[in-house]
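I opened this entry to keep track of what I looked up in the model, in the order in which I looked. The notes go from strand pairing to the core, then to the chain as a whole and to a few single residues.

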Amino acid sequence: MDKILVDIYVPAINKNFDVYISFKSKFYDVVGMVSSIVEEISDSNFIASEDAVLCNGLTGAIYNVNMSSEELGLINGSKLMLI
């Protein structure tokens with residue numbers, strides 16, 4: 001399994017998106033990819049920036065960008081928040 005499906009909530013536009021993310025890539029690559037995808041599918045209501053952060057959607061804990069999704073313990077259905 002090289003990708004997992006996660007639910008990403010974007011409070012800036014009050015919307016949720018289901019996105020496939022890489023299970024093995026470092027999270028700094030995942031954040032950039034997810035930001036670009038959300039910007040595209042939200043018709044630019046969300047504008048991607050270098051300061052974007054993915055955090056745990058339930059606790060708000062910010063994930064270490066130097067770890068992979070696998071190392072962070074993410075699984076299919078994990079809830080994330082893009083801020």
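**Strand pairing**

I began with strand β3, residues 54–56, and found that β3 pairs with β4 in the antiparallel sense over three bridges. For a register point I took Asn-56, whose bridge partner in β4 is Leu-80. I note here that I am reading a predicted model, with a mean pLDDT of 93 over the chain and 99% of the residues at 70 or more. When I went through the elements, α1 came out with the lowest mean pLDDT, 93, and β4 with the highest, 97.

I then followed β4 (residues 79–82) to its other partner listed here, strand β1 (residues 3–10), and noted that these two run parallel and are joined by three bridges. In that pairing I looked up Asp-7, which stands opposite Lys-79 in β4.

From β1 I went on to β2, where eight bridges join the two strands and the sense is antiparallel. The register point I wrote down for this pair is Ile-8, which stands opposite Phe-17 in β2. I also recorded that β1 and β2 form a hairpin with four residues between them.

**Order of elements and overall dimensions**

Counting the secondary structure, I get two helices and four strands, and read along the sequence they follow the pattern β-β-α-β-α-β. The radius of gyration is 11 Å, close to the 12 Å that the globule rule gives for 83 residues, so I noted the chain as being as compact as a globular protein of that length. For the box along the principal axes I have roughly 30 × 20 × 20 Å, as filled by the C-alpha atoms.

I looked at contacts with a separation of 6 or more, and 56% of them are between residues 24 or more positions apart. The exposed area of the chain is about 4900 Å², of which carbon and sulfur atoms supply 51%, and buried residues make up 36% of the 83 residues.

**The core**

Which residues have the most contacts inside the largest nonpolar core? My list reads Ile-8, Ile-21, Phe-27, Val-34, Leu-54, Leu-80 and Leu-82, in a core of 21 residues. The elements that give two or more residues to this core are β1, β2 (15–22), α1 (27–41) and β4, and α1 gives the most, with five residues. As background I kept in mind that nonpolar side chains tend to be buried together in soluble globular proteins.

I took Leu-54 for a closer look and, leaving out residues up to four places away in sequence, found that Leu-54 touches Ile-8, Phe-27, Val-30, Val-31, Val-34, Ile-62, Tyr-63, Leu-80, Met-81 and Leu-82.

Val-30, one of those partners of Leu-54, lies in helix α1. Is Val-30 buried or exposed? Its relative accessibility is 2%, and because the cut-off for buried is under 20%, Val-30 counts as buried. Setting aside neighbours within four places in sequence, I listed its contacts as Ile-21, Ser-22, Ser-25, Leu-54 and Ser-69.

**Two residues with positive phi**

I searched next for unusual backbone angles, since most residues other than glycine have a negative phi. Asn-14, which is not a glycine, has a positive phi of about 55 degrees, and I placed this residue in the loop between β1 and β2, in the turn of the hairpin. With 57% relative accessibility, Asn-14 counts as exposed. As a distance check I took the C-alpha atoms of Asn-14 and Val-30, which are 16 residues apart along the chain and are separated by 21 Å.

Ser-44 also carries a positive phi without being a glycine, at about 65 degrees, and sits in the loop between α1 and β3. The relative accessible area of Ser-44 is 43%, so I entered this residue as partly exposed.

Key:
Residues numbered from 1 in each chain as written. Predicted model: local features only at pLDDT ≥ 70, side-chain atom pairs only at ≥ 80, totals over all residues. Heavy atoms only, no water. Pairing = 2+ DSSP bridges. Core = buried A, V, L, I, M, F, W, Y, C linked by side-chain atoms within 4.5 Å. Buried < 20%, exposed > 50% of the residue type's maximum accessible area, 1.4 Å probe, protein only. Contact = heavy atoms within 4.5 Å. pLDDT = per-residue confidence, 0-100. Rg over C-alpha atoms; globule rule 2.2 N^0.38 Å. Areas by Shrake-Rupley, 256 points an atom, 1.4 Å probe, with all protein chains shown as cover.
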